[in-house]
Number of protein chains: 2
Amino acid sequence: MANSPSGDSMVHRLVRVIEAFDGEHRTLSAAELARRAGLPTSTAYRLVEELLAESLLDRDGRRLRLGTRLWELVSRGSKVLGLREAALPFMEDVQSVVGHHTVLGILDQNEVLYIERIGSNSSTINITKVAGRLPVHATSTGLVLMAFGPADVQETFLRRRLPRYTDTTTTDPDELRRRLAEVRQMGFCVMTGAIVPESTGVAVPVFNAEGTAIAGLSVVIPRAGGPLQTSISALQTAARGISRALGWDGTLRDAIRRSL
Amino acid sequence: MANSPSGDSMVHRLVRVIEAFDGEHRTLSAAELARRAGLPTSTAYRLVEELLAESLLDRDGRRLRLGTRLWELVSRGSKVLGLREAALPFMEDVQSVVGHHTVLGILDQNEVLYIERIGSNSSTINITKVAGRLPVHATSTGLVLMAFGPADVQETFLRRRLPRYTDTTTTDPDELRRRLAEVRQMGFCVMTGAIVPESTGVAVPVFNAEGTAIAGLSVVIPRAGGPLQTSISALQTAARGISRALGWDGTLRDAIRRSL
């Protein structure tokens, strides 16, 4: 539908326009937008006019930004909002008890996508960002989601070549397989310094009403002397609360029984 | 660009597809999507295939939902995320001190658009929703944003015919003008029962580094016996914190001096 001479679909061009904006580029001039989106200037300018007319882009003086209406439409209908609204009160509880950043992540396209983060700026070094991504094998959230995920997803994951970030990043498939089994048995994952040497991530799975592990709830604590046992208890308690808010009836299904 | 025989642009059709999803319709079959978007089935099906290919829609069994990737792209580049990230820690502070729902709203297309809400489900009746809208004249957030907004926006607002929701909704332009002046002088707005009879909203403006009132921070407390004075102090303190997080250097500009 509506392909350009280069074969690009209109939808693909639109994605490139949206992708041109990010945390470091929240406003762009039309020329910058065309360049970052890799579109001919005339194409970009026409598309910008259409997007402005539909409030998918907003004008900010002479610069452009993603439209507030676009955020609204996407947020309103997205499963992400439902999950983070269910989780946020419980994340506040964890943050009060543990006193460090509390983070919620989901598995998306073979990576951990963080959908919520709360905590003071004085907490431990924490490189997670809302709408930011980190690799599965180097995060406690990633390993928890993998451990409680479908077997075929695990097998695909274990066949991939994985980069090493620090001395403690596990990349060996056999060792990762052992770690996943351990996480399933314990019901939580503790990962120390796999991306940032100074930090330890602690994560538990969050199950929905159907018993699927849909998210990982985690805290990022200091590597040395962090409140490990407190974190595990607080996270497990909060994860049950989130599941209940998502419609879980309190019956322990197999997957949940293994983890709680 | 790429208009259909009916004259609809591709971008407009895409907006209708995204709009078809909301909090009550987070998943749709392709046929439901075509119907809700008001598109011919064949057009809708082709568009769905393209959107799936770009991960702007996700498949959930036989149903469709807005793509997690769409949420990610839009959140990453949106000014909304920057504002709510700056505000969230201070909103938690207000919620701890006041003990009721704490809400952040912005003015968008003549309405208040709520971009964040925290608080326990046991708090006072509160009809605000994240990515939901309420009318300016019937919310404390709306009046605060109007009172500290540009004069021409105020004049346009005061010329509009406004609906009455309860006995206490102010709709008379002269009375609204007096209320706006009062809000500017006091630096906060208290609105009782203007939409829901049992609730009182209390709001203060949040200024950015340039001294523009970019958001309203509010709590929703019970109409009878709610912690009014505590709310005002907590909100004013938190609003200054958010401004500082947004780059305000602590110098009191005119607009800020009037309100703090």
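Angles under 35 degrees between two axes count as roughly parallel, over 145 as roughly antiparallel, 65 to 115 as roughly perpendicular, and the rest as oblique. The exercises below concern a predicted model.

**Exercise 1**

Classify the crossing of helices α1 and α3 of chain A, and describe the residues of their contact.

Solution. Two packed helices are described by the angle between their axes and the distance between the axes. Take α1(A), residues 10-19, and α3(A), residues 41-53: their axes come within 11 Å and cross at roughly 85°. That angle falls in the range of 65 to 115, so α1(A) and α3(A) are roughly perpendicular to each other. On the side of α1(A), the contact is made by A:Met10, A:Arg13, A:Leu14 and A:Val17. On the side of α3(A), A:Thr43, A:Leu47 and A:Leu51 take part. By class, the contact residues divide into 5 nonpolar, 1 polar and 1 charged.

**Exercise 2**

State how chain A is divided into domains and how far apart the C-alpha centres of these domains lie.

Solution. Domain 1 of chain A covers 10-74, and domain 2 covers 79-259. Their C-alpha centres lie 34 Å apart.

**Exercise 3**

Give the strand order of the open sheet in chain A, identify its edge strands, and find the helix of chain A that packs on the sheet through β6, β7 and β8.

Solution. The sheet has 6 strands in the order β5-β4-β3-β8-β7-β6, with antiparallel pairing. At the edges stand β5 (133-135) and β6 (189-192) of chain A; each has a single partner strand, so one side of each is left without a neighbour in the sheet. From one strand to the next, the twist averages 35°. Within the sheet, β3(A), residues 102-108, and β8(A), residues 213-222, pair in the antiparallel sense over 4 bridges. One bridge joins A:Leu104 to its partner A:Leu217 in β8(A). The helix sought is α9(A), residues 228-245, which touches β6, β7 (199-207) and β8 of chain A. The direction of α9(A) makes about 25° with that of β7(A).

**Exercise 4**

Describe the pairing of β6 with β7 in chain B and name the bridge partner of B:Val190.

Solution. In chain B, the open sheet also runs β5-β4-β3-β8-β7-β6 with antiparallel pairing. β6(B) and β7(B), residues 199-207, pair in the antiparallel sense over 4 bridges. The partner of B:Val190 is B:Val202, in β7(B).

**Exercise 5**

Determine which relation connects chains A and B, and which helix of chain B lies across strands of chain A.

Solution. Two copies of a chain are related by a rotation about an axis and a shift along it. Here a turn of 180° and a shift of 0.0 Å along the axis lay chain A on chain B with an RMSD of 0.0 Å. That is the relation of a two-fold axis. Of the interface residues of chain A, 100% are also interface residues in chain B, so the copies meet through the same surface. Helix α4(B), residues 68-77, lies across β3, β4 (111-118) and β5 of chain A. Its run makes about 55° with β4(A).

Notes: Residues are numbered from 1 along each chain as its sequence is written. Chains are lettered from A and ligands numbered from 1 in the order in which they are written. This is a predicted model: local features need pLDDT of at least 70, side-chain atom pairs count only at pLDDT 80 or more; totals for chains, interfaces and linings use all residues. Side-chain values use heavy atoms; hydrogens and water are left out. Axes are lines fitted to C-alpha atoms, for helices over the stretch in contact, and angles run from 0 to 180 degrees between N-to-C directions. Helices (H or I, at least four residues) and strands (E, at least two) are DSSP runs, numbered from the N terminus. Contact means heavy atoms within 4.5 Å. Ala, Val, Leu, Ile, Met, Phe, Trp, Tyr, Cys and Pro count as nonpolar, Asp, Glu, Lys and Arg as charged, and the others, Gly among them, as polar. Copies are superposed by least squares on the C-alpha atoms of residues with pLDDT of at least 70 in both. Domain bounds come from an automatic or database domain assignment. Two strands pair if DSSP finds at least two bridges between them.
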